[in-house]
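Got the model open in your viewer? Here is a short walk through it, one selection at a time.

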Amino acid sequence: MALKIYNTLIRKKETFSPIKKNEVGLYTCGFTVYDYAHIGNLRTYIFEDLLKRILLFNGYKVKHVLNITDVGHLTSDADEGEDKMLKGAKREKKTVWDIAEFYTQEFQKDIKKLNIQDPTIWCKATDHIKEQIEMISSLEKKGFTYLSGGNVYFDTSKVKDYGKLARLDLKAENQERVEKDLNKKSSQDFVLWFTKSKFQDQDMKWPSPWGVGYPGWHIECSAMATKYLGKSFDIHCGGIDHIPVHHTNEIAQSESALDVKPWVHYWMHGEFLVVGDSEKIGKSKGNFLTLSFVQEKGYDPLAYRYFCLGTHYRKPLMFSWEAMDSAQNAWKKLQNKVLELIEKPTQGKKNAESFIEDFQGAINDDLNMPQALAVVWAMLKDEEVNNKIKYRTLLEFDRVLGLGVESIKKVNISEEVQILMEKREDARLKKNWKEADQIRDKLKSLGYSIEDTPSGPLLKRV
Ligand code: AMP
Ligand code: ZN
């Protein structure tokens with residue numbers, strides 16, 4: 001069954017056909033490590049994880065590159081605003097290097113909690129300065145750059161099809177954009193290398209043919225993708241905000257430096273997670289919707305993954321605590337169902353072939369996960385399929401869903417633990433927090449952690 005995906009470049013679904021017969025090169029734009037990831041960022045990484053799992057499910061080998069942006073990204077994608085890393089360093093009175101290290105680790109912890117598979121290659125922008133300088137030099141030799149105010153700029157007027165991904169109307173854009181960088185010849189031009197920039201000096205600096213400085217944001221992805229995936233490769237992803245500037249500029253500089261067209265065969269973009277007025281996603285507005293915050297509110301990270309599965313990746317997803325409650329309930333229902341499948345043998349004679357076909361049909365139709373989830377529930381409800389077959393099929397489906405079905409196991413607890421649980425719940429209901437905490441410590445010493453969730457306490461082995 002052919003895999004169809006929506007290619008932003010042509011604004012259509014098309015049958016996926018990789019450059020090499022069975023292997024796919026996949027590049028997903030990474031996170032800027034100046035703060036914790038918010039759950040919007042994480043929605044995009046869940047979408048990309050689903051894509052990768054679906055490619056694997058279809059029998060492809062996948063070489064997946066995920067970068068870490070630890071230099072050069074300003075608060076506006078179009079070279080305006082503050083340097084994001086510097087902003088983080090000032091906020092926490094640490095060096096930019098410390099900020100980058102800390103938030104890279106935090107990002108990787110979130111990825112694990114969400115059962116997102118590690119990429120084949122993690123790569124940091126600051127570990128690839130040489131490759132970025134080489135690419136800028138090659139652009140310079142070919143006449144695609146100019147020096148202005150001490151910075152090296154990419155001259156977008158030299159690229160005939162500049163803006164093709166975003167279908168930019170360049171004339172209108174030029175009139176609309178309020179020009180702030182007077183060094184630029186045109187508002188679409190972008191920085192490849194900063195030396196004397198208008199931004200405050202920072203610690204991350206390297207020597208280059210144009211003077212000591214640091215790279216602009218876009219060049220890192222072109223340089224690292226080329227290093228690990230070759231001159232042209234199959235799929236490049238990110239959130240929709242990357243279409244008009246970041247990915248547009250990646251294409252312009254890569255196709256110019258590498259003399260290759262198209263540089264990337266399929267561009268895929270995930271729609272945004274959006275939140276209501278009272279629950280702003282970004283830190284500047286107070287509440288900061290991180291995965292840890294969601295956990296503190298009593299939700300399992302995999303309930304957030306389940307929540308994301310419920311909406312197609314090309315549709316905006318509205319976040320609310322009520323919607324999270326429904327997702328967590330459905331996720332719990334699925335966990336209980338799994339326990340039932342393991343513990344209660346049933347007699348049905350029907351096989352699961354039609355469900356497997358439907359599931360594959362859904363995921364291969366441009367990652368239609370809501371439809372795939374509907375197939376999962378239809379199979380679980382079908383009494384003619386016995387529990388053993390259901391369990392085996394669900395494990396197969398979970399190669400894509402990534403909900404960790406295999407690790408759903410009943411926690412067999414002793415009578416002592418059962419009594420402690422009941423006593424703690426009693427203390428908690430009477431708001432006797434001291435006693436409740438003492439019992440929690442006792443449970444911990446016996447090897448259990450306890451989490452208070454909206455549907456009651458959840459005991460886990462630690
Ligand atoms: P950044 O660190 O800004 O490059 O963002 C990391 C990833 O998160 C990128 O792929 C962005 O497109 C994506 N992203 C940013 N905000 C959201 C959001 N609200 N919903 C979904 N994805 C987002
Ligand atoms: Zn990128």
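A polar contact, for the purposes of this tour, is a pair of N or O atoms within 3.5 Å. Keep in mind, too, that you are looking at a predicted model.

**Stop 1: ligand 1.** Select it and look for its polar partners. One of its oxygen atoms sits 3.0 Å from a polar backbone atom of G239. Another contact to pick out joins a nitrogen atom of ligand 1 to a polar backbone atom of G40, at 3.0 Å. Now click on N41: here a side-chain N or O atom is 3.0 Å from an oxygen atom of ligand 1. How much of ligand 1 does the protein bury? Taken alone, ligand 1 exposes 490 Å², and 93% of that is buried by the protein.

**Stop 2: the shell around ligand 1.** Next, show the residues that surround the ligand; there are 18, and the closest are T32, G40, T44, D241 and L273. Which elements give two or more residues to this shell? Colour β3 (23–32), α1 (39–57) and β10 (233–239) and you have them. The largest share, four residues, comes from α1. If you colour by class instead, you should find five nonpolar, ten polar and three charged residues.

**Stop 3: the zinc ion.** Select ligand 2, then bring up C29, C221, H246 and E250 as sticks. These are the protein donors of the zinc ion, through SG, SG, NE2 and OE respectively, and they lie 2.0 to 2.5 Å from it. Try the angle tool: the four donor atoms give angles of 74 to 129°, and the site is irregular. Along the chain, the donors are spaced as C-x191-C-x24-H-x3-E. Distant parts of the chain are linked here, with C29 in strand β3 and H246 in helix α7 (residues 243–258), 217 residues apart.

**Stop 4: some backbone oddities.** Most residues other than glycine have a negative phi, and most peptide bonds are trans, so exceptions are worth a click. Start in the loop between α7 and β11 (264–270), where you will find P262. The peptide bond from K261 to P262 is cis, with omega near -5°. Then jump to R167, in the loop between β7 (151–154) and α5 (170–176). R167 is not a glycine, yet it has a positive phi of about 50°. Finish this stop at L367, in the loop between α11 (353–363) and α12 (369–381). L367 is not a glycine either, and its phi is positive, about 60°.

**Stop 5: the whole chain.** Zoom out and colour by domain: domain 1 covers 4–270, domain 2 covers 279–407 and domain 3 covers 415–461. How far apart are the C-alpha centres of domain 2 and domain 3? Put a distance line between them and you should read 28 Å.

Conventions
Residues numbered from 1 in each chain as written. Chains lettered and ligands numbered in written order. Predicted model: local features only at pLDDT ≥ 70, side-chain atom pairs only at ≥ 80, totals over all residues. Heavy atoms only, no water. Domains from an automatic or database assignment. Near = heavy atom within 4 Å. Polar contact = N/O pair within 3.5 Å; in protein donor to acceptor, adjacent residues only side chain to side chain. Areas by Shrake-Rupley, 256 points an atom, 1.4 Å probe, with all protein chains shown as cover. Nonpolar A, V, L, I, M, F, W, Y, C, P; charged D, E, K, R; others polar. Donors = N, O, S within 2.8 Å, 3.2 Å for Na, K, Ca; no water. Tetrahedral: all angles 85-135°; square planar, octahedral: opposite > 155°, others 65-115°.
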